[in-house]
Amino acid sequence: MQILHFDIKPHNILLDENFTPKISDFGLAKLYPTKGSIASLTAARGTIGYMAPELFYKNIGRVSHKVDVYSFGMLLLEIAGKRKNLNALAENLSQVYYPFWVYDQLSSGKLIIEDSSEEENILARKMIITGLWCIQMQPSNRPSMNKVLDMLEGDLKSLKLPPRPVLYPVESMTIDEGESSSTSSEVK
């Protein structure tokens, strides 16, 4: 059996006396078998902003361990960028939804995390690229958690930028399917 947490977010990550992170608050968690990797739910679970799209849009894919990969990706983006994933006071949509803004900055080569050393900027870039892979609309395009660890521990130069994140399933249909499937096979 595996645990689907359904609520990975900053408030549910605690640090012990050695600053080792521990996941807490298993109130929404659900056990599911590893062989039958699909979970059945009667209602969406989690916190808005961290919930995987398949919890809202049933035509994207079935609920699986990839919901926690999505939430972890949003957490990585927040940590790396030192900001929340939504900014309601922003002037345009690319600033409102942090993954849009950070993707645009990273792809144009303008992304620099302020008040950070070069080493911290490299780590932040790895976290951002990994986080962007984790928040792909289609669960099948998200990496496994083992691959996420490999990406975070690996070299920045080996990471490729994923397709630009989307907010709605209709947006993801405009992506060239050939590009999407070839890109997704690289991260599985």
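Patches here are built from residues with over 30% relative accessible area and no salt bridge, joining like charges within 9 Å and nonpolar side chains (Val, Leu, Ile, Met, Phe, Trp, Tyr) within 5 Å. Accessible areas come from the Shrake-Rupley method with a 1.4 Å probe, and for residues only the protein chains shown count as cover. This is a predicted model, with local features needing pLDDT of at least 70 and side-chain atom pairs pLDDT 80 or more, while totals for chains, interfaces and linings use all residues. Residues are numbered from 1 along each chain as its sequence is written, and side-chain values use heavy atoms, leaving out hydrogens and water.

On the surface, Met1, Ile3, Ile23, Phe26 and Leu31 make a nonpolar patch of about 540 Å². Ile23 sits in strand S3 (residues 21-23); strands (E, at least two residues) and helices (H or I, at least four) are DSSP runs numbered from the N terminus. With a relative accessible area of 44%, Ile23 is partly exposed, a class that falls between buried (under 20%) and exposed (over 50%).

Now to the inside. The largest nonpolar core (buried Ala, Val, Leu, Ile, Met, Phe, Trp, Tyr and Cys residues joined through side-chain atoms within 4.5 Å) has 35 residues, and Val102 and Ile128 are among those with the most contacts inside it. H1, helix H3 (98-107), H4 and H5 each supply at least two residues of this core. Counting contact as heavy atoms within 4.5 Å, Val102 touches Leu77, Leu111, Ile128 and Leu132, leaving out residues up to four places away in sequence.

Helix H5 (residues 145-153) has Val148, Met151 and Leu152 buried. They cover an arc of only 95 degrees around the axis, so they're on the same side of H5; that arc is taken from the directions from the helix axis to the C-beta atoms. The buried residues of H5 pack against helix H1 (66-81) and helix H4 (118-134), while the face turned away from the buried side carries exposed Asn146 and Glu153.

Then there are three salt bridges, meaning a side-chain nitrogen of Lys or Arg within 4 Å of a carboxyl oxygen of Asp or Glu.

| Salt bridge | Closest N and O atoms |
|---|---|
| Asp7 and Lys9 | 3.8 Å |
| Arg142 and Glu54 | 2.7 Å |
| Asp104 and Arg164 | 3.0 Å |

Asp104 lies in helix H3 and Arg164 in the loop between H5 and helix H6 (169-172), so this pair ties together parts 60 residues apart in sequence. Asp104 is partly exposed at 28% relative accessibility, and Arg164 is partly exposed at 32%. Asp7 and Lys9 are both buried.

Conventions: Buried < 20%, exposed > 50% of the residue type's maximum accessible area, 1.4 Å probe, protein only.
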